[in-house]
Amino acid sequence: MMIPQTTTPASVLPVPLAAFVQTALTATEQLPAPAVAATPVGAPLRRTVLVGEIATRSAANAVGTAQLLSEGPDSDTIGELYEMQGAFVKQLWKIDQDWRAGLMRIYEGSLSLRKANTLSKVIEQDFNLIGQYGDLATNYMTSVATLVENTNVGYSYWLSKKIKAAQAAKAAAAS
């Protein structure tokens, strides 16, 4: 038996991020508007759009936070930032605890597999455990996504109010 020769693939050179983003933007600008509007958004594309929206809002929040912090925020603003971070970590901790408790329940369920005495019961229990893991993973990912979305939107609202208040105070001080 002869082993077929394999060829080494040509190496791909990394593209700088700025060039990649520019290429992506240029490509989207070249699509005719009617074609874009007529294209149905399927689940994979919709997921990408939603992740993009969260990333965009997160970037805007980062820029806004830098702007707010550069203007020398008062102690109340800093305190509110710490409170929001604490609330986020507390929710994330609860999600983690729920995940760990769910894994423990699945592990305990796996121990009962030894008690099954027929193949059909073993298969039933195997798929029951797989289903439980699927439910646990779904709940975990949904909880994390909900936390990130809610935090992102809430923080955007809070940040916009703080920036407007800082700009109003700056304008009042200038006049």
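I began with what a patch is: patches are made of residues with over 30% relative accessible area and no salt bridge, and nonpolar side chains are joined into one within 5 Å. With that in hand, I looked up the nonpolar surface patch made by Leu119, Ile123, Phe127 and Ile130, and I noted its area as about 440 Å². I kept in mind throughout that this is a predicted model.

Next I took one member of the patch, Ile130, and found its place in helix 5, which covers residues 119–174. Is Ile130 buried or exposed? I read a relative accessible area of 52% for Ile130, and because exposed means over 50%, Ile130 counts as exposed.

Then I turned to the whole chain, where I found five helices and zero strands, so that I wrote the pattern along the sequence as α-α-α-α-α. Of the 175 residues of the chain, I noted that 13% count as buried. For the accessible surface of the chain I wrote down about 13,800 Å², with 65% of that belonging to carbon and sulfur atoms. I also looked up the contacts with a separation of 6 or more, and residues 24 or more positions apart account for 79% of them.

Last, I checked the confidence: the mean pLDDT of the chain is 81, and 75% of its residues reach 70 or more. Where in the chain is confidence lowest? I found the lowest confidence in helix 1 (residues 17–29), at a mean of 52, whereas helix 4 (residues 75–111) has the highest, at 93. I added a caution for myself, that where pLDDT is low, the predicted coordinates should not be read in detail.

Definitions and conventions. Residues are numbered from 1 along each chain as its sequence is written. This is a predicted model: local features need pLDDT of at least 70, side-chain atom pairs count only at pLDDT 80 or more; totals for chains, interfaces and linings use all residues. Side-chain values use heavy atoms; hydrogens and water are left out. Patches are made of residues with over 30% relative accessible area and no salt bridge: like charges are joined within 9 Å, nonpolar side chains (Val, Leu, Ile, Met, Phe, Trp, Tyr) within 5 Å. Accessible areas come from the Shrake-Rupley method with a 1.4 Å probe; for residues, only the protein chains shown count as cover. A salt bridge is a side-chain nitrogen of Lys or Arg within 4 Å of a carboxyl oxygen of Asp or Glu. Helices (H or I, at least four residues) and strands (E, at least two) are DSSP runs, numbered from the N terminus. Buried means under 20% relative accessible area, exposed over 50%, partly exposed in between (1.4 Å probe, protein chains only). Contact means heavy atoms within 4.5 Å. pLDDT is the predictor's confidence in each residue, from 0 to 100.
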